[in-house]
Amino acid sequence: MGEIKRFLRDDGIIKVSRSIKENGWRVKKAADRIAKKQGREATMEELVQETALSSEEIVLAMEASVEVDSIYKTVYQGDGSEIMLVDKLSMHKDDKEEVLNHMLLMQLLDNLEEKDRKLIILRYFQDKTQMEVAKELGISQVQVSRLEKKILIRMRQAVLG
């Protein structure tokens, strides 16, 4: 029961490593001490000195301790109508970017060997499982998994240059 309570208390929606949580606690305590002593919020330089952490580590620790908001959280409520975070998300698609992505994908597929191209098409365009692809190509599921990984790495490298 204690472990379950600790998990619910310490682990939020997003898993944060223990060292980052500890750093967050150190930063919060240091910020509280400085605020009490100086009567104002601590500066980054003061936190760096007080905690012996780098400014990057401090920012990471502070950002990791922030609660995750629900997309259904009310962000504005005036004149009787409420606006939720989900309402503010853009649903607009960039048609130009979509066309360019499609062209790039077609070029990458054209540069693959026939067997590799077929594997990618079966997996990602026909939503077949690795077992189904293995049966169709006459190889094992493990081979499909390894091939798929290698092909995707090659495709990524071709894009990144």
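**Exercise 1. A nonpolar surface patch**

Task: In this predicted model, state which residues make the nonpolar surface patch of about 310 Å², and determine where Y72 lies and whether Y72 is buried or exposed.

Solution:
- Step 1. The patch is formed by I71, Y72 and L89.
- Step 2. Y72 is found in the loop that lies between α4 (55–64) and β1 (74–78).
- Step 3. Residues count as exposed when their relative accessible area is over 50%. Y72 has a relative accessibility of 55%, and therefore it counts as exposed.

**Exercise 2. Positive phi values**

Task: For A52 and D127, give the phi angle, then the location and the exposure of each residue.

Solution:
- Step 1. A52 is a residue other than glycine, and its phi has a positive value near 65 degrees.
- Step 2. The loop between α3 (44–51) and α4 holds A52. Because its relative accessibility is 69%, A52 counts as exposed.
- Step 3. For D127, also not a glycine, phi is positive and near 50 degrees.
- Step 4. D127 is placed in the loop between α7 (114–125) and α8 (130–137). With a relative accessible area of 64%, D127 is exposed.

**Exercise 3. Sequence and space**

Task: Locate T129, classify its exposure, and state how far apart T129 and V144 are in sequence and in space.

Solution:
- Step 1. T129 belongs to the loop between α7 and α8.
- Step 2. A relative accessible area between 20% and 50% defines partly exposed. T129 has a relative accessibility of 39%, so it counts as partly exposed.
- Step 3. In sequence, 15 residues separate T129 and V144, while their C-alpha atoms are 9.7 Å apart in space.

Notes
Residues are numbered from 1 along each chain as its sequence is written. This is a predicted model: local features need pLDDT of at least 70, side-chain atom pairs count only at pLDDT 80 or more; totals for chains, interfaces and linings use all residues. Side-chain values use heavy atoms; hydrogens and water are left out. Patches are made of residues with over 30% relative accessible area and no salt bridge: like charges are joined within 9 Å, nonpolar side chains (Val, Leu, Ile, Met, Phe, Trp, Tyr) within 5 Å. Accessible areas come from the Shrake-Rupley method with a 1.4 Å probe; for residues, only the protein chains shown count as cover. A salt bridge is a side-chain nitrogen of Lys or Arg within 4 Å of a carboxyl oxygen of Asp or Glu. Helices (H or I, at least four residues) and strands (E, at least two) are DSSP runs, numbered from the N terminus. Buried means under 20% relative accessible area, exposed over 50%, partly exposed in between (1.4 Å probe, protein chains only).
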